[in-house]
There are 2 protein chains.
Amino acid sequence: MDSAPERVPASGGVQSVSRAFGLLEALADAHEPLALADVAATAGLPVPTAHRLLRTLHDLGYVRQLESREYALGAGLIGLGERARPALAERAAPVLVRLEEVAGETANLATLDGDLVSYIAQVPSRHRMRMFTEVGRRVLPHASGVGKAMMSLLPEGRVRALVARTGLPRYTATTHTTVDDLLQDLADTRRRGFAIDDGEQEVGVRCIAVAVPGHNVPAAVSISGPSVRMTDEVVRTAVAELIRAAKGLQGGLRTQAIP
Amino acid sequence: MDSAPERVPASGGVQSVSRAFGLLEALADAHEPLALADVAATAGLPVPTAHRLLRTLHDLGYVRQLESREYALGAGLIGLGERARPALAERAAPVLVRLEEVAGETANLATLDGDLVSYIAQVPSRHRMRMFTEVGRRVLPHASGVGKAMMSLLPEGRVRALVARTGLPRYTATTHTTVDDLLQDLADTRRRGFAIDDGEQEVGVRCIAVAVPGHNVPAAVSISGPSVRMTDEVVRTAVAELIRAAKGLQGGLRTQAIP
DNA sequence: AGCGCGAATTTCGCATGGTGGAATTGTGCG
DNA sequence: CGCACAATTCCACCATGCGAAATTCGCGCT
C-alpha cells in the first residue's frame, strides 16, 4: 500500500538537527499553533531543550510565535518547500487533479530517492475516508504500488541490491517477504502494465500505480483508496487514465532529469 | 522598498541547526543540484562538517543526493512548506494573480512576524526586470511598503516600541532614519489610504502597499517594481485594485486569526 | 489589585555531541 | 591503468548543546 510505514532514518547524524526537524514535524502535524510544553511533549524533548531549538528556528524564520506564546511553522519553510518542489511535481499537478476526478480516490506522484519511495505530490480524495500520505513522506518500495511500479522498470540486479539493503519487512499477510515473490510481482506488473498493491501494507487498502517512463530518477503515479471502494470495476476504469497520465508525464528523449 | 535587507538573526542559538538551514538555503538559492564542495563553500563550512550535516538532512528526507553525488533539496521540505502556508496565503493566491495582471508588476503578501515583515506569498511580474523577494524572507518594516502599511494600523506607542528594538537603519538617501519622519509617513499613509516606498530601500525601486484590515496579525498586500515602470499613472491605476484586494482579504468580524 | 499557579524562559556547570584536519575511499578522465 | 580531485570516514578534542534548577511571566480568580 502507498502508506507503508516510513523507514526509520539510520540513527546517528547530528542530533540537534534531527531534534529541530522533529519539532517542525510536530508543529506541522498539529495543523494549529501549539504551546511549548505540547510541542516538547510531542517531540519527546525536555522543555528547555525544545525551547532553545524553537528559539533558534524562530530567529531563523522557520517558526513563528504568536502573542499567545504558542508556536507555529514560519514562512521561511514556504520558500524552501516551493524550491524543493521538482519540476515534475509542477507538471503533474493538473494530471493528479484529473486522476482524482476520474477515480474519486487519492492520486499520488512519487519518485525513488535512494532506496525509498518519496511522495512528491498528492491530490487527496474528497471522500471522508481516504488515503492520506503526506507529501515528503518516504516508504519502502516493496510494499507500495508506486514502489513496485518503479522497481518493475529496474534491472533485476538493481532490484536485488536494493532489497539486500532494505530487507523486505512484513506489514500484512499479503506483503512480499521473499525476493522471488517480489520479482514475480514485478514481472506481472510489466505484463499488466500497472502495479497493484492489494493490502500489502495495510489491510483493506488498495492501490494501483504506473511508472512514469523516461526519467533517470524513477517516478510513478498512483491511485489509492479503501478496498471497499477500489473495486475491480473502479480499477479497470481508472487504469486507462492512470496509464494516460503516466505517458503524459513521460520524460523527453534526452532522459529528462527530475530536478 | 520591499526588498530591504534581511535583518541578521541574533547570533547564538543552536549552531548546528543554523548551519543545517544555511546549507538548505544554499541549495535553494542554487536552483540546481550542487556538489558537496560547492554547497560547503556557499555555506562557508568545512567540507566534512557540511557533509555530516547534509548526511543528516538526507537521512531525514530534507535533502536528496543524486547519482552524480550532487545534493538537492528533498521532498520532506515540500510537505513542511505546504503546512507552513497560512490560510490567508491560500486565499490570497488568486488575488495576487489579479494584482499582477492589472499592474504588470510583482504582487506580494506579507505579515508582521514579531518585529519583522515576513513575505508569505508572491506572484512575480512577468517582466524580465522585476522585484524578486523570496517567500519566507523577512525585512525591517520601516523601509518597506508593506511594513509601513501595517505599522500605520498600529498605535503610536507600539510603533515606537518596535522601532526602539529594531532601530532605523539607512539603506538609501530616502530611508526614514528618525521616528518622527516615520510617524509622519505613517500618518500620510493613513490619509492616503496606501503606503509608498519610494526608493527607501533600494534606489530606483518603488512599491505601493495597503494593509489588510481585520487580522490580529497585521498583514498587507503590495505591488512593487522598478521606478521607471512604476509611474504615477501606474500607481494611480493599481492603487484602486490594491485597495480592493486588501478589502477582499479582510478578516471576519471575529478578527480572524492568520494560522 | 493581589495572589497563586502553571507555563515559559533563563541560567550555568558539565559532559557529550559536534567538529574538522588528516586519512581513506571512490570516481571519472586521459 | 594511473592520477587527480571529490567525497567520505575517522577520531581526539573541546566547544557547544544539554537539561535540572531557578527565575520570570502571564493568566485567571477572588
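Me: What classes of residue make up the surface near DNA strand C?
Reply: By class, that surface has 9 nonpolar, 7 polar and 4 charged residues, where Ala, Val, Leu, Ile, Met, Phe, Trp, Tyr, Cys and Pro count as nonpolar, Asp, Glu, Lys and Arg as charged, and the others, Gly among them, as polar. This is a predicted model in which local features need pLDDT of at least 70 and side-chain atom pairs count only at pLDDT 80 or more, while totals for chains, interfaces and linings use all residues. Residues are numbered from 1 along each chain as its sequence is written, chains are lettered from A and ligands numbered from 1 in the order in which they are written, and side-chain values use heavy atoms, with hydrogens and water left out.

Me: Which residues come nearest to strand C?
Reply: Of the 20 residues around DNA strand C, those are A:Gln15, A:Ser16, A:Tyr71, B:Thr49 and B:Arg52, a residue being near if one of its heavy atoms lies within 4 Å of the strand.

Me: And what does A:His51 do with a phosphate oxygen there?
Reply: A polar side-chain atom of A:His51 lies 3.1 Å from a phosphate oxygen of DNA strand C, and a polar contact here is a pair of N or O atoms within 3.5 Å. For A:Ser16, a polar backbone atom is 2.9 Å from a phosphate oxygen of that strand.

Me: Switching to strand D, how far is B:Tyr71 from a phosphate oxygen?
Reply: A polar side-chain atom of B:Tyr71 lies 2.7 Å from a phosphate oxygen of DNA strand D, while a polar backbone atom of B:Gln15 is 2.6 Å from one.

Conventions:
A polar contact is a pair of N or O atoms within 3.5 Å; within protein, one must be able to donate a hydrogen and the other to accept it, and residues adjacent in sequence count only if both atoms are side-chain atoms.
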